[in-house]
Amino acid sequence: TAARLHGIPPTIFAEMSALAAATGAVNLGQGFPDVDGPEKIIEEAVSALRSGRNQYAPGPGIPALREAVAAHQERHYGLTFDPAREVAVTTGATEGIAAAILALVDPGDEVILVEPYYDSYPAMVQFAGGVRRPVTLSLDPAAPGGRLPRAALEAQVSSRSKVLLLNSPHNPTGTVLTREELETVAAFARDHDLTVVSDEVYERLTFDGTPHIPIATLPGMRERTLTLSSIGKSYSFTGWKVGWATGSEHLVQALIGAKQWLTFTSGAPLQPAAAYALEHLDHWPKELALDLQERRDLLCAGLKGIGLDVTIPEGTYFAVSDIADLGWSDGLEFCRALPERAGVVAIPLQGFYDGDAGKHLVRWTFTKQRDVIEEALERLGKGQ
Ligand code: PMP
Ligand code: GLN
């Protein structure tokens, strides 16, 4: 195989979901809901399939979806984008990440990213021939200087730094960066003339009234930020792979320049359905977040009950726990043994760090129905 694939392990999500399937374990690993999103959106997709929306959509996406995305950004964040030039549809945020990095990073360029990172980020940086510079996110909300302090960011910057890859609400930790923390990141990006690629796929899934603040809304950031999101998490259609990018024209057009050679265009019949969701079911993600918050509480209380030290997430699908208190030191070993010992699957974090900082951390998803979470907790209680 080509050098660009060397050293990139198979994704842990595939290994752990296969383990769940093979052992019949309750899968609190890969983050996908066990209930689909609104029926009405499915009907829109079916009707698009039946009414001849089955040929290539325009490369940057159908106008209705680009307009719905622009309206969403304006309604929620006061950000205005020209749907014709400053919005692009992608095949999930995953393609958005790939196209953004391929469009912005030359061989030898450095990309500053937050660890633990979503695993497609380091893979894509390597595909582009870039070099990753990880900054470790603190799990302590009261950390001095914030969870991404300026000194930690400065330690990774050089004259080759081009892009800062940000993700808030953050997978896997559930961290939602505060305005102050984002201001630190924004000042750093401005001072070093970095382009920010901001992965905001969990933008609608925050808890306890925690606001999601797009970094593009901070002073001087709109022109240097490419924001990515998708239909997957907000509307519980993770398999649809309809995503979008917003940003100033030069950044979105650069992304389209790469995207046209990756997929050319994204799935046509799902685009009108995604537009419908954003336009007509704007309240739905809010209800989902409230429901998810209760399931977060159920899972976190249960994990604490069996002696795990859990960080309470402010958003996303995930909670992270330290397994040291259970007498384990290696999360991968713990997760590989867990289906046999307790009949549950979780995700070890160490593959999402360059160093050892995440070796004792394990991620659990609560985007499952209550009885599934209860069953997992009961099994964990017996299996410890
Ligand atoms: N970024 C993060 C942080 C994610 O958790 C996910 C979901 N797997 C993605 C991107 C990919 O989103 P999509 O399914 O829209 O490609
Ligand atoms: N975002 C989901 C997770 O982190 C799915 C990841 C994946 O399937 N690649 O679990």
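**Ligand shell, nonpolar core and two enclosed elements**

User: Which helix gives the most to the shell around ligand 1?
Analyst: The shell around ligand 1 in this predicted model takes three residues from one helix, its leading contributor. That helix spans residues 92-104 and is H4.

User: Which of the 13 residues around ligand 1 come nearest?
Analyst: Ligand 1 is surrounded by 13 residues, and five names stand out by proximity. The residues that come nearest are Gly92, Ala93, Thr94, Asn171 and Ser230.

User: How many residues of the shell around ligand 1 are polar?
Analyst: The shell divides into three classes of residue. Three residues are nonpolar and two are charged. The polar residues number eight.

User: Which helix gives the most to the largest nonpolar core?
Analyst: The largest nonpolar core holds 112 residues, and Ala100, Ile101 and Val344 have the most contacts inside it. Nine of the core's residues come from the helix that gives the most. Domain 1 (3-30 + 284-383) and domain 2 (39-280) each supply at least three residues to this core. The leading helix is H4.

User: With which residues is Ile101 in contact, leaving aside its neighbours within four places in sequence?
Analyst: Ile101 is among the residues with the most contacts inside the largest nonpolar core. Once neighbours within four places in sequence are set aside, the contacts of Ile101 are Met124, Val125 and Ala128.

User: How many of the six residues of strand E7 are buried?
Analyst: In a regular strand, side chains alternate between the two faces of the sheet. In E7, one side carries Thr225, Thr227 and Ser229, the other carries Leu226, Leu228 and Ser230, and both faces are covered. Strand E7 (residues 225-230) is largely enclosed by the rest of the structure, because the number of its residues that are buried is six.

User: Which strand pairs with E7 in the antiparallel sense?
Analyst: Strand E6 (residues 195-199) runs parallel to E7 and is joined to E7 by four bridges, with Val197 opposite Leu226. On the antiparallel pairing there are five bridges, and Leu228 stands opposite Ala245. The antiparallel partner, residues 243-247, is E8.

User: Why is helix H10 largely enclosed by the rest of the structure?
Analyst: The buried residues of H10 are Leu270, Gln271, Pro272, Ala273, Ala274, Ala275, Tyr276, Ala277 and Leu278. Their cover includes helix H2 (39-50), helix H3 (63-77), strand E2 (87-90) and helix H8 (231-234). Helix H10 (residues 270-280) is largely enclosed because, of its 11 residues, those that are buried number nine.

Terms used: Residues numbered from 1 in each chain as written. Chains lettered and ligands numbered in written order. Predicted model: local features only at pLDDT ≥ 70, side-chain atom pairs only at ≥ 80, totals over all residues. Buried ≥ 20, exposed ≤ 12 C-beta atoms within 10 Å, placed from the backbone. Helix = DSSP H or I, 4+ residues; strand = E, 2+ residues; numbered from the N terminus. Contact = placed C-beta atoms within 7 Å. Near = placed C-beta within 6 Å. Nonpolar A, V, L, I, M, F, W, Y, C, P; charged D, E, K, R; others polar. Core = buried A, V, L, I, M, F, W, Y, C linked by C-beta atoms within 7 Å. Domains from an automatic or database assignment. Pairing = 2+ DSSP bridges.
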